[in-house]
Amino acid sequence: MDSISCEEIFRMTQQVWTPMLSFPIKLKPERPTGTAMGGESVVGSVSLNGDWQGAVTLEFSQRLACLCAGQIFGMEAEEAESEDIHDAVGELANQVGGLIKGRLAPKSLLGLPTITEGTDLLIDVPRCTPLGSATMDCQGAEIRIEVWKLIPDS
């Protein structure tokens, strides 16, 4: 499989978002690969290993990551601590990554989530090329999901 559409990524994300968060989410115009979200963000990434190899990254604005943590753990977003935010982003990366894995690589294994925080982050997965992405709006904040495929050694 050499591509996945933004609409497919959006539909899979909705399957996680609605039951876990009860937040409406809508597809936004796509932002070019290699451009930063801007401001503070949190990224959850999971690897896919096996017959098909790659990764799925979920980049949240810091505000949205806090809102998600608050919703998942039953607290106000302002009360969410770094560990809560990392746990929530990691769980969402696992859930969305698992659905994407089922579509692209059903015989592959999903790795443990890795969490990164920073300002003006540029997402790049070493030795991988982007297959597809979707930028979405949730609660007036942005999330971008990218699917990456390993480039085989020549």
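**Cysteines and a helix: reading H2**

Mentor: Let's start with a search of the whole structure, a predicted model: it turns up zero disulfides.

Trainee: What is a disulfide, anyway?

Mentor: It's a covalent bond joining the sulfur atoms of two cysteines. To count as one here, the two sulfurs must lie within 2.5 Å.

Trainee: Why does Cys66 have no such bond?

Mentor: Because its closest cysteine sulfur, in Cys68, is 9.3 Å away, which is too far for a bond. Cys68 misses out too, because its closest cysteine sulfur, in Cys138, is 5.7 Å off.

Trainee: Are Cys66 and Cys68 buried or exposed?

Mentor: Both are among the buried residues of H2. Buried means under 20% relative accessible area. Cys66 has 17%, so it counts as buried, and Cys68 is buried at 0%.

Trainee: How do I read the helix itself? Which residues make up H2, and what is its reach?

Mentor: First, the general idea: an α-helix has 3.6 residues a turn, so residues three or four places apart point the same way. H2 covers residues 62-73, 12 in number. From first C-alpha to last it reaches 16 Å, close to the 16 Å expected. After H2 comes Gly74, with a positive phi near 65°.

Trainee: How do H1 and H2 sit relative to each other?

Mentor: Look at the angle between their axes. Those of H1 (residues 6-21) and H2 cross at roughly 55° and come within 10 Å, so the two helices are oblique to each other. Trp17, Met20 and Leu21 of H1 touch Leu64, Cys68, Gln71 and Ile72 of H2. By class, that contact has six nonpolar residues, one polar and no charged ones.

Notes:
Residues numbered from 1 in each chain as written. Predicted model: local features only at pLDDT ≥ 70, side-chain atom pairs only at ≥ 80, totals over all residues. Heavy atoms only, no water. Helix = DSSP H or I, 4+ residues; strand = E, 2+ residues; numbered from the N terminus. Expected span 1.5 Å × (residues − 1). Buried < 20%, exposed > 50% of the residue type's maximum accessible area, 1.4 Å probe, protein only. Axes fitted to C-alpha atoms, helices over the stretch in contact; angles between N-to-C directions. Parallel < 35°, antiparallel > 145°, perpendicular 65-115°, else oblique. Contact = heavy atoms within 4.5 Å. Nonpolar A, V, L, I, M, F, W, Y, C, P; charged D, E, K, R; others polar.
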